[in-house]
Amino acid sequence: MDRSAGPGIVARLLKSRELSVVAVLALLCLGMAFTEQRANFFGPLNLTNILQQVALLSLFAIGETIVIITSGIDLSLGSIIAFAGMLVALFVTKFSVGLMAGPAAFLAILLTLLCALAIGLLHATLIHKLKLPPFVVTLAALLVLRSQSLIVNKQLPISLNDYPLITDLSKGWPLWTMLVVVAVVAHVLLTRTRIGRYLYALGGNEQATRLSGVNIFKIKLFAYGISALLGGLAGILWAGYGRQGNPQLGQGYELDAVAAAVVGGASLTGGRGSVPGTILGATLVITILSAINFTFSNPDIWRGTVVGCVLLFAVLVTALQQKGGHE
């Protein structure tokens, strides 16, 4: 066999995660084109909804990717989204007693983001100072924050109908502007800055990174702080999208974020991942979820099965890519 011709097209696709995600996405769309639901699936209403969901998922999946690159994980994102949505709704209703709707909404958004950032910094502190596993810390936070989301307003949602500054953020150009800004800043940070190199180095080998003089604690504060901050931003946007703070919001979203990051090429063992890959991963996950909405009579009960299988498949492909790279 002539090995000088190099790997075949299938092997090249497997080695390029972004290309393989695009190929799977194209095959999925091709498959939907032959179904009876193709008119609805490719209709402007559904495509607009897919793009909006992709933008919202990409925002907090980018934060999850940064944590995964450090070989950590943030399982609290779904509950942070619910908690932030309830906080922004609670704050704005309190502040609007003494302020006009615009300034009250701005102040509520600012305080909610600061609370989300504080949660991320607390995660990093517990993980680094007390040597607790990231899985345990963020899983505990998932439970606590979900409970607090229910306690905030006695399990009842809080309306945001009177605050257009919040409800309009999740529509059209404000949402896409935020995604572009976050994606560009995160991509430049990971690929062009010293802290980006430290994030990858930490995920590759924490002991070696520490011995080289890098302040590991500061890197973890940064990673978990950014993840929670973007989770808080997503919570505000989801609350605006639904026009209410809802304590039931965001259930299972942490797994969607992990799936988007891993499908996009992030390795759960750390040291690998990219912003463009994560956005492509989010696009594939949302498109698959949209497809099952048109394929199954009760799509909600299939959501976990589909996302779990996609995550398992992505981990398997990543393992094969890493094995191929080592060989």
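This passage walks through the overall build of the chain, two helix packings and a handful of individual residues.

The model is a predicted one. In terms of secondary structure, the protein chain comes out with 15 helices and two strands. The C-alpha atoms sit in a box of roughly 80 × 60 × 30 Å when the principal axes are used as the frame. For 327 residues, a compact globule would be expected to have a radius of gyration near 20 Å, and the protein chain has 20 Å, so the two agree. Buried residues account for 47% of the 327 residues. The accessible surface of the protein chain adds up to about 15900 Å², and carbon and sulfur atoms supply 69% of that. As for how the chain contacts itself, take the contacts between residues at least 6 apart in sequence: 78% of them link residues at least 24 apart.

Next come the helix packings, starting with α5 and α6. Two packed helices are described by the angle between their axes and the distance between the axes. For helix α5 (residues 77-95) and α6, the axes come within 8 Å and the crossing angle is roughly 145°. This crossing is right-handed. On the α5 side, the contact is built from Ile80, Phe83, Ala84, Leu87, Val88, Phe91, Val92 and Phe95. Helix α6 answers with Ala104, Ala105, Leu107, Ala108, Ile109, Leu111, Thr112, Cys115, Ile119 and His123. Sorted by class, the contact of α5 with α6 holds 16 nonpolar residues, two polar ones and no charged ones.

Helix α6 (residues 101-129) also packs against helix α7 (residues 134-152), with axes that come within 9 Å and cross at roughly 145°. Here too the crossing is right-handed. From α6, the contact takes in Ile119, His123, Leu126 and Ile127, while α7 brings Pro134, Val137, Thr138, Ala141 and Leu145. The contact of α6 with α7 breaks down into seven nonpolar, two polar and no charged residues. Ile119 and His123 of α6 turn up in this contact, and Ile119 and His123 are also listed in the contact with α5.

Two lysines have unusual-looking backbone entries. Lysine 131 sits in the loop between α6 and α7. Its phi is near 60°, a positive value in a residue other than glycine. With a relative accessibility of 60%, lysine 131 counts as exposed, because the cut-off for that class is over 50%. Further along, the loop between α7 and β1 (158-159) is home to lysine 154. Phi of lysine 154 is near 55°, again positive in a residue other than glycine. Lysine 154 has a relative accessible area of 72% and is therefore exposed.Within α7 itself, leucine 139 has a relative accessible area of 32%, so it is partly exposed. The C-alpha atoms of leucine 139 and leucine 28 are separated by 33 Å, with their positions 111 residues apart along the chain.

Some residues bring distant parts of the sequence together. Leucine 268 belongs to the loop between α13 (253-263) and α14 (275-295). At 40% relative accessibility, leucine 268 is classed as partly exposed. Setting aside residues up to four places away in sequence, leucine 268 touches Ile68, Ile73, Val258, Val262 and Val315. Threonine 318 is 50 residues from leucine 268 along the chain, and their C-alpha atoms are separated by 9.1 Å.

Threonine 287 is part of helix α14. Its relative accessibility is 5%, so threonine 287 counts as buried, given that the class means under 20%. Its neighbours within four places in sequence aside, threonine 287 is in contact with Leu25, Leu28, Phe41 and Ile50.

Glycine 31 lies in helix α2 (residues 17-33). Its relative accessible area of 38% makes glycine 31 partly exposed. Glycine 31 and alanine 291 are 260 residues apart in sequence, yet C-alpha to C-alpha they are 9.8 Å apart in space.

Conventions:
Residues are numbered from 1 along each chain as its sequence is written. This is a predicted model: local features need pLDDT of at least 70, side-chain atom pairs count only at pLDDT 80 or more; totals for chains, interfaces and linings use all residues. Side-chain values use heavy atoms; hydrogens and water are left out. Axes are lines fitted to C-alpha atoms, for helices over the stretch in contact, and angles run from 0 to 180 degrees between N-to-C directions. Helices (H or I, at least four residues) and strands (E, at least two) are DSSP runs, numbered from the N terminus. A crossing is left-handed if the near helix is turned anticlockwise from the far one by less than a right angle, and right-handed if clockwise. Contact means heavy atoms within 4.5 Å. Ala, Val, Leu, Ile, Met, Phe, Trp, Tyr, Cys and Pro count as nonpolar, Asp, Glu, Lys and Arg as charged, and the others, Gly among them, as polar. The radius of gyration is taken over C-alpha atoms; the globule rule is 2.2 Å times the number of residues to the power 0.38. Buried means under 20% relative accessible area, exposed over 50%, partly exposed in between (1.4 Å probe, protein chains only). Accessible areas come from the Shrake-Rupley method with a 1.4 Å probe; for residues, only the protein chains shown count as cover.
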